[in-house]
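Q: I've got a model open and I'd like to learn how to read its features. Can you walk me through it?

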Amino acid sequence: MKSFDIHKSEYLKQFETQTYGRNLFRTQEEERLDAPNEECGIFGMYSDNDLDTFSLSQFGLFALQHRGQEACGISVLKNGRITNMKDEGLVLDVYKEIPDPETFMGNSAIGHTRYTTAGDKKKYNFQPFFAKNEYDQIILSIAHNGNLTNAKELKAELEAEGVVFRATSDSEVILRLIQKNLDLGLRGAIKVTMEKIEGAYSVVGMTRNKFFAFRDFNGIRPLVLGAIDEKSYVVASESVALDAVGAQYVRDILPGEIVYTNENEPGKLHSYMADEEKGKQRICSFEYIYFARPDSSLENINVYEIREKSGEKIWHQAPVEADVVIGVPDSGVPAAIGFAKASGIPFRPVLIKNRYIGRSFIVPTQEMRERVVNLKLNPIISEIKDKRVVIIDDSIVRGTTSKRLVKILKDAGVKEIHFRSVSPPIIAPCYLGIDTPSKDDLISANMTTAELRDYLGVDSLEFLSVENLKEILGSANHCFGCFTEQYPVGKGEEVELFN
């Protein structure tokens, strides 16, 4: 039996060269239907000197690939000119389509890898979004992670003033508000925009001579700042993107903070608080449970350590006698290791991943779609046959994936199955940048734990409590809306953003 430290290092090492897959038991269809989905990852960099922005932005966005797989785009600033490229597909595939990498080498770049939460999937909704002047030159480009709760109202106001929208995404509302107010200067335009928009947002952007980033007053979506050297800065959704480009973590962008460069002081990054009194920390707790890559740190809290502690905590909350602990790759493994440490029940990496499978299977029937899962993961039957097994998963959303997992284990001859979710029951949708099913489709909103245990066909079922989650995180200064239906900001209209 390997030590837990070796398990941890091997587990984390793989994500340096492979895309992090949160729950590999989900079919591609179920990644939408039976999981909460992050909407995107954003990346930006600025230097007083020219950089290989083509390669570095590619590395940074690849590290954020788990935050969105539908589309990817970049904007690059070179000699006062902004060039943009965006297309459907994964990061590496989109970059392969760029015919002349030299065109995308400059001193500043922003990038985006997309998962849809607002607006449809048409190419005009891919990011970065940009605005042009009367000479058809790009003067402003932004990439946004989050969701505005008053976007529909603001869009109507802007249209009444004659502003023309070209997309159906709330992110364009941010772009047009900044563009409209640029006569106030860049910082002034961003401040006015932040005073108008509501919801969750982390934004990176550039003009033809400035770089900027800002974060909502509750800090709901993450945004970290790093430095390559004294005059080269990186901003990203997660610290793993800093690692990927050789930048050192400096700190997290503060809730309500604007960071920006000034053309009169090249290489210097300025900070400005849009409203000192409004800023408060309410980062999404589900970032730590599920969304972020395990080797990231957010708000100086290491994601892997939180997940391992969640496994330890749920053992103390709901102990059980068993022979083997297993975790659902990739997101359930750290918690399984923590559960094993606390309980003394051996952890076994029983679910074996096929490292060569892609996401491109297109199959016509549900039966065949379910078989794809067995190509991605296959159990080592000899390790679990006739054993009492504890299965650790990050969450239960609709329950269909969990039910299939239980069937696979039963088919392998498992004697007892004890299911542990290291998130509390998800009872409400997210309106702040996470794509979750409606309340009618959230199984914990419609079943008691006992009913869900019987539905899954397991011997026992327990969820980590909200209070224990707060204890692990070290405070209640997070958004727990999907567990409590209490949100840091109003949820807005429960309608499609732009009909």
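A: Here is a short walk through annotated sites, burial, contacts and a sheet. One thing up front: this is a predicted model.

Q: Let's begin with the annotations. Which residue does UniProt list for "active site"?
A: The unreviewed UniProt entry lists Cys-40 under that label. In the model, Cys-40 sits in strand β2, which covers residues 40–47.

Q: Is Cys-40 buried or exposed?
A: The idea is to compare relative accessible area with a cut-off: buried means under 20%. Cys-40 has 2%, so it counts as buried. Its contacts from beyond four places in sequence include Arg-67, His-112, His-144 and Ser-237.

Q: How does Lys-210 count at 18% relative accessibility?
A: Apply the cut-off again: 18% is under 20%, so Lys-210 is buried. You'll find Lys-210 in the loop between β8 (199–207) and β9 (211–215). Its side chain makes a polar contact with the side chain of Asn-209, at 3.4 Å. Skip the neighbours within four places in sequence, and Lys-210 touches Leu-186, Gly-205, Thr-261 and Glu-263.

Q: β8 and β9 came up there. What is the strand order in their sheet?
A: For a sheet, read the order, then look for the edges. This one is open, with six strands in the order β6-β7-β8-β9-β13-β14 and antiparallel pairing. At the edges are β6 (129–132) and β14 (269–273), each pairing on one side only. Ignoring direction, neighbouring strands are turned by 15 degrees against each other on average.

Q: How many bridges join β13 to β14?
A: Five, with the two strands running antiparallel. For one of the partnerships, look at Tyr-260, whose bridge partner in β14 is His-270.

Q: Which helix packs on the sheet?
A: That's α6, residues 170–180, which touches β6, β7, β8 and β9. The direction of α6 makes about 135 degrees with that of β7.

Q: Back to UniProt. Which residues does "binding site" cover?
A: In the unreviewed entry, the label covers Cys-284, Cys-430, Cys-479 and Cys-482. With a set like this, check both sequence and space. These four are spread over 199 residues of sequence, yet they cluster in space, with a largest C-alpha distance of 10.1 Å.

Q: Where do Cys-479 and Cys-482 lie?
A: Cys-479 is in strand β25 (residues 478–479), and Cys-482 is in helix α17 (residues 481–484). Cys-479 is buried at 10% relative accessible area, and Cys-482 is buried at 14%. Among the contacts of Cys-479 are Cys-284 and Leu-432, while those of Cys-482 include Phe-286 and Pro-425.

How values were computed:
Residues numbered from 1 in each chain as written. Predicted model: local features only at pLDDT ≥ 70, side-chain atom pairs only at ≥ 80, totals over all residues. Heavy atoms only, no water. UniProt positions renumbered as here; feature names shortened; annotations may be inferred. Helix = DSSP H or I, 4+ residues; strand = E, 2+ residues; numbered from the N terminus. Buried < 20%, exposed > 50% of the residue type's maximum accessible area, 1.4 Å probe, protein only. Contact = heavy atoms within 4.5 Å. Polar contact = N/O pair within 3.5 Å; in protein donor to acceptor, adjacent residues only side chain to side chain. Pairing = 2+ DSSP bridges. Axes fitted to C-alpha atoms, helices over the stretch in contact; angles between N-to-C directions.
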